[in-house]
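User: Hi! I am learning how to read protein structures, and I would like to know why things are called what they are called. Could you show me one?

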Amino acid sequence: MTTSIPPSPGELARAADILRQGGVVAFPTETVYGLGASAFDVEALARVFEVKGRPLFDPLIVHVPGIDHARPLVRQFPEPAQKLAARFWPGPLTLVLHKSMLVPDLATAGCPTVAVRVPDHPVALELLRLTGVPLAAPSANLFGRISPTTAAHVREQLGEQIDLILDGGPCRVGVESTVVQLTENRPVLLRPGGTPLEEIETLIGPVELPAPAASEPANPGLASPGTLPRHYAPHTPLTIDRHQAAEAGSGTSTAGPGSPWRVGLLAFTAPADSGRFHQVEILSPAGDLREATSRFFSALRRLDAAGLDLIVAETFPEHGLGRALNDRLRRAAHR
Ligand code: TXA
Ligand code: MG
């Protein structure tokens, strides 16, 4: 069942009870909805993998209510990590550090490292405080599919299988946290996300970028699984190929009015040729990346539900949040 917005103190207390007893609860964060379980309860963690259909080589992010709660989970908190935590927590930044003995291997999928973050959402923070244990929480969607930014999205995909969904309204940021690994000399960006890379580099210097998602990694266990080439994907074929987009919009070839093909457009700003598409989602008429990000996954879901043959997506400027959105588009387009 889903609770009302915002969840009452009684509902939050019930959610915390369920989690302490090994249950699984979906909760809002500023990025996307998470599917939470006690990070210390391996049976509850196993249920999270099962409900999501998530492969066991894909580690979970452990959520805590503050930096002091993160320290016992890691062996060291190197200086760049401290700087980042001080500046960006609570917020959409996940730090990957060497794990301590406290963190079960299942939470990290056998990795010697653990991903930790402090979410910037009053419901998530209150739930973490009330539960009193760290919560491992992947995004509350089926593995590889579109991420959930409302409680209704969670209900559609996972509703029957989980104990409770806390409804905190639509997620403010709308794309997952940025994941940075800080276990080697040089920090590595494992996933672009809600905290812009430029702001991270201003604080700690150069960050190594991941290789482009052109092919399957030779051994998926060695890469960050969020870097799998196909991810965040609608059922409808999606293309970011400009040539194909031009053809689809031309009305003279495979699509357009009078054509049997139904083509939708995911546009950043208002396109000149929107009349040529069966359905158009404009993410930000004013060209504001923050607004576009907050609408991105919902718009993709609407297009996916519209019975289209093809979704054509425009790419975003490759800076700030645009980098995270382009990353999600490339993976959604990968076949
Ligand atoms: O914004 C978010 O991060 C959301 C909310 C719910 O907090 N969570 C989320 O979780 O996106 P998930 O499971 O969908 O993505 C976690 C990402 C994956 O790419 C995973 O591979 C990576 O973090 N990750 C987790 N632990 C890791 C580790 N020890 N080493 C490398 N990558 C790790
Ligand atoms: Mg996910």
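User: At what angle do the axes of α9 and helix α10 cross?

Analyst: Happy to help! One note before we start: this is a predicted model. The axes of α9 and helix α10 (residues 321–333) cross at roughly 30° and come within 9 Å.

User: What makes α9 roughly parallel to α10?

Analyst: Angles under 35 degrees count as roughly parallel. The crossing angle here is roughly 30°, and that makes α9 roughly parallel to α10. The crossing of this pair, α9 and α10, is left-handed.

User: Why is α1 called oblique to α5?

Analyst: Let's take the angle again. Helix α1 (residues 9–20) packs against helix α5 (residues 122–131) at about 55°, and their axes lie 9 Å apart. Roughly parallel needs an angle under 35 degrees, and roughly perpendicular runs from 65 to 115. An angle of about 55° fits neither range, so α1 is oblique to α5. As for handedness, α1 and α5 make a right-handed crossing.

User: And what makes α4 oblique to α7?

Analyst: The axes of α4 and helix α7 (residues 197–204) cross at roughly 130° and come within 10 Å. Roughly perpendicular ends at 115, while roughly antiparallel needs an angle over 145. The value of roughly 130° falls between those limits, which makes α4 oblique to α7. The crossing in which α4 passes α7 is right-handed.

User: Let's turn to the sheets. Which strands stand at the edges of the sheet with the order β10-β13-β11-β12?

Analyst: That open sheet has four strands, with parallel pairing. The edges belong to β10 (238–239) and β12 (279–282): each has a single partner strand, so one side of each is left without a neighbour in the sheet.

User: How do you know that β11 and β13 pair?

Analyst: You count bridges. A pair needs at least two bridges, and four bridges join strand β11 (residues 263–267) to strand β13 (residues 310–313), so these two strands pair. They run parallel, and within this pairing Leu266 stands opposite Ala313 in β13.

User: What about β3 and β6: how many bridges join them?

Analyst: Two bridges join strand β3 (residues 61–63) to strand β6 (residues 135–136). The cut-off is at least two bridges, so β3 and β6 count as a pair. These strands run antiparallel, and His63 stands opposite Leu135 in β6. Both belong to an open sheet of nine strands with mixed pairing, in the order β7-β1-β2-β6-β3-β5-β4-β8-β9. The edge strands there are β7 (164–165) and β9 (188–191), and each pairs on one side only.

User: How many cavities of 30 Å³ or more does the structure hold?

Analyst: The structure holds one. The volume of the largest cavity is about 30 Å³. Its lining includes Thr178, Leu189, Gly320 and Arg323.

User: How do the residues of that lining divide by class?

Analyst: The lining of the largest cavity divides into four nonpolar, four polar and one charged. Arg counts as charged, so Arg323 in the lining is a charged residue. Gly is grouped with the polar residues, so Gly193 and Gly320 count as polar here.

User: What is known about the second largest pocket: how much space lies in it, and which residues are closest to its centre?

Analyst: The second largest pocket holds about 390 Å³ of space. It is lined by 17 residues, and the closest to its centre are Pro92, Arg172, Gly194, Pro196 and Arg290. Both α4 (79–88) and α9 (289–304) supply at least two residues each to this lining. By class, the lining of the second largest pocket has seven nonpolar, four polar and six charged residues.

User: Last one! Which peptide bond is cis, and where is its proline?

Analyst: The cis peptide bond joins Trp89 and Pro90, with omega at about -10°. Pro90 sits in the loop between α4 and β4 (93–98). Another backbone detail is at Ala109, which has a positive phi of about 55° although it is not a glycine. Ala109 is in the loop between β4 and β5 (113–117).

Definitions and conventions. Residues are numbered from 1 along each chain as its sequence is written. Chains are lettered from A and ligands numbered from 1 in the order in which they are written. This is a predicted model: local features need pLDDT of at least 70, side-chain atom pairs count only at pLDDT 80 or more; totals for chains, interfaces and linings use all residues. Side-chain values use heavy atoms; hydrogens and water are left out. On a 1 Å grid over the protein atoms alone, a cavity is a set of points where a 1.4 Å probe fits but cannot get out, and a pocket is an open set with protein on both sides within 12 Å along at least five of seven lines; lining residues have an atom within 4 Å of a point. Grid points are joined across faces, edges and corners, and a volume is the space filled by probe spheres set on the points. Axes are lines fitted to C-alpha atoms, for helices over the stretch in contact, and angles run from 0 to 180 degrees between N-to-C directions. A crossing is left-handed if the near helix is turned anticlockwise from the far one by less than a right angle, and right-handed if clockwise.
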